[in-house]
Amino acid sequence: MELKVRLCMLLLALGLCATLFATAHEEEDVDADVEDDTAGLSDDELLDEEPEEEEQPAPAMPSVPTVTYKAPEPKGEHYFAESFDRGTLDGWVLSQAKKDGIDEEIAKYDGKWEVEEMKDTKLPGDKGLVLKSRAKHYAISGLLLRPFTFDTKPLIVQYEVNFQTGIDCGGAYVKLLSQSPDLNLDQFVDKTPYTIMFGPDKCGEDYKLHFIFRHRNPKTGEYEEKHAKKPETDLRAYYTDKKTHLYTLVLNPDNSFEVLIDRTVVNSGNLLADMTPSVNPPAEIEDPDDHKPEDWDERPKIQDPDAVKPEDWDEDAPAKIPDDHAVKPEGWLDDEPEYIGDPDAIKPEDWDEDMDGEWEAPQVPNPACESAPGCGKWERPMIDNPSYKGKWKPPMIDNPNYQGVWKPRKIPNPDFFEDLHPFRMTAVSALGLELWSMSSDIFFDNFFITSDRNAADHWAEDGWGLKKAAEGAAEVLNSAITLPPPLPLCPTPCDPGLVSQMISAAEDRPWLWVVYVLTVALPLVLVIVFCCTGKKKEGPSAAEYKKTDEPQPDVKDDAEDEKAEEEEANDEESDEKKDDAEDSPAEMATKEEEEADKQEEAEDKSDEKQDDEVLRRSPRSKARARKD
């Protein structure tokens with residue numbers, strides 16, 4: 001044991017010396033490097049020079065697909081296509097008119113328009129029409145390449161809107177102006193005839209997506225607005241997310257229509273069934289000259305004329321009476337008021353009795369009543385009067401003269417007509433925006449009117465589709481930036497060439513091999529010494545069999561040899577037991593007795609040996625044995 005301890009101490013001393021030796025040489029090398037670096041520098045230069053921090057490589061950003069803007073080009077048949085990428089308003093006409101029926105100061109259509117990029121654009125180079133002013137009237141319009149006639153081809157209108165700063169109250173809809181020889185875009189106002197109005201509108205918490213068309217009465221020649229039903233989709237997000245959205249209207253010759261946002265249907269129906277008011281008037285109407293007869297009885301129930309009030313009916317009996325069975329609670333303070341003047345209240349210094357009257361302290365609950373059931377004059381509580389019946393009324397019975405609810409008779413509608421093709425509207429020749437807005441920086445782009453669904457899809461993909469891809473890529477990038485950096489696998493920056501660096505360092509400093517060898521060998525030697533050379537201590541020692549007055553020297557070697565012999569004997573006995581496992585109970589009992597005798601004799605011999613060994617090694621034990 002002492003030899004192991006000495007060996008461990010020696011190894012630890014060697015390791016410590018090697019470490020100190022390595023540290024000293026490392027400091028010498030560092031000082032030498034510093035001297036070499038500072039050689040030839042003046043004292044001022046040495047003072048001014050600051051240690052340079054190692055530049056950490058910037059974390060690699062996730063690769064994001066690059067989206068390059070390219071102006072959409074119309075493909076297929078179309079009537080209007082405008083992307084504003086020329087950077088001008090060529091082909092557009094600003095209204096110079098004034099709005100009727102409002103104050104002169106705000107009657108002008110003097111809202112400012114600009115062609116520019118979005119504030120937070122994801123596609124540099126993409127420009128659009130921007131409404132710049134607040135609380136102004138706007139009117140701008142442009143002619144179609146040729147008028148659109150509603151015959152056998154569908155009408156598709158689509159454009160993009162981005163509420164860059166949100167929207168408080170205002171519209172972003174478009175109007176398809178009716179073809180007319182009197183149409184003057186320079187005088188475009190709210191009353192200029194239009195055929196279709198379509199697009200978003202919002203004020204307060206009312207989010208709308210208009211689809212209105214003006215229908216001409218074939219009998220009277222008058223026009224009436226027909227409004228599509230309100231979409232069931234929640235439109236709030238389209239107005240608040242500050243993203244570019246694509247609004248599309250599709251009108252088909254079979255009178256069906258679809259309203260889409262971002263190429264998703266949010267409303268659909270039929271011009272004959274889903275517009276308010278209805279396109280076709282009713283075939284019959286109520287006769288305006290028909291009047292209800294004076295003797296017409298509309299009462300389904302009447303009071304029984306033969307009913308008589310009972311003689312014992314008392315109409316004067318009160319609804320509530322005092323409870324005669326009530327008893328005043330014990331401890332009731334009749335002489336104490338429920339409220340008293342506040343004793344701590346002080347009359348204000350500026351109180352004028354001539355002006356304000358006699359001052360009285362404010363009333364507070366009487367403290368004496370807090371522990372009592374009540375204060376003041378006690379009165380019996382009121383209960384429902386069992387004799388109360390109230391005002392007598394005759395019971396109701398069916399009216400024998402009831403004739404039902406009167407309605408005027410129906411007559412043929414003199415204004416009736418049946419238009420089974422409301423799709424055939426007034427032709428349109430211009431597109432215009434006539435708006436009022438309390439919000440600025442509304443961005444419009446990529447207006448397109450066509451009768452070809454494929455052409456509309458291509459235009460949408462090349463315009464709005466590109467914006468959507470750019471916005472999606474920006475969202476991916478932003479989410480990647482906001483994510484926490486991944487944790488390093490090592491507490492310090494990991495160096496994949498650590499082993500090669502250690503070898504190269506040892507080539508320059510050969511004494512490092514001693515450090516490496518000791519660093520590796522020391523733990524191995526310690527493990528071998530403590531784990532491989534020791535022997536398990538099982539069973540009692542000789543000193544435990546013989547009680548002595550002082551601790552005795554080890555008899556470990558002989559005892560361990562005897563123990564090994566006993567283990568071999570036990571193994572043989574175990575094998576014999578396995579072989580005899582199938583013997584009879586009597587034979588097994590006999591064998592167990594013989595084995596017990598053998599075990600007892602072996603233990604006696606072991607005790608005698610241990611006694612002899614103890615007596616041989618311990619003089620004191622010998623003397624004690626002789627004495628015994």
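**Overall make-up, a strand trio and one helix**

The chain contains 12 helices and 25 strands. The model described here is a predicted one. Of the 628 residues in the chain, 30% are buried. Among contacts with a separation of 6 or more, 76% come from residues 24 or more positions apart. The chain exposes about 42000 Å², and 52% of that area is supplied by carbon and sulfur atoms.

A good place to start looking is strand β5, which spans residues 136-148. Strand β2 (residues 92-94) runs antiparallel to β5, and 3 bridges join the two. Within this pairing, L94 stands opposite I140 of β5. Strand β5 also pairs with strand β24 (residues 428-437), again in the antiparallel sense, this time over 9 bridges. Here Y138 has L435 in β24 as its bridge partner. For readers following the side chains along these strands, it helps to recall that in a regular strand they alternate between the two faces of the sheet.

Helix α5, covering residues 453-462, offers a second point of interest. Its buried residues are A455, A456, W459 and A460. Viewed down the axis of α5, these buried residues fall within an arc of 135 degrees, so they line one face of the helix. The general geometry is helpful here: an α-helix has 3.6 residues a turn, so residues three or four places apart point the same way. At the start of α5, D452 places a side-chain oxygen within 3.0 Å of the backbone nitrogen of N454.

Conventions
Residues are numbered from 1 along each chain as its sequence is written. This is a predicted model: local features need pLDDT of at least 70, side-chain atom pairs count only at pLDDT 80 or more; totals for chains, interfaces and linings use all residues. Side-chain values use heavy atoms; hydrogens and water are left out. Helices (H or I, at least four residues) and strands (E, at least two) are DSSP runs, numbered from the N terminus. Buried means under 20% relative accessible area, exposed over 50%, partly exposed in between (1.4 Å probe, protein chains only). Contact means heavy atoms within 4.5 Å. Accessible areas come from the Shrake-Rupley method with a 1.4 Å probe; for residues, only the protein chains shown count as cover. Two strands pair if DSSP finds at least two bridges between them. The arc is that of the directions from the helix axis to the C-beta atoms. A polar contact is a pair of N or O atoms within 3.5 Å; within protein, one must be able to donate a hydrogen and the other to accept it, and residues adjacent in sequence count only if both atoms are side-chain atoms.
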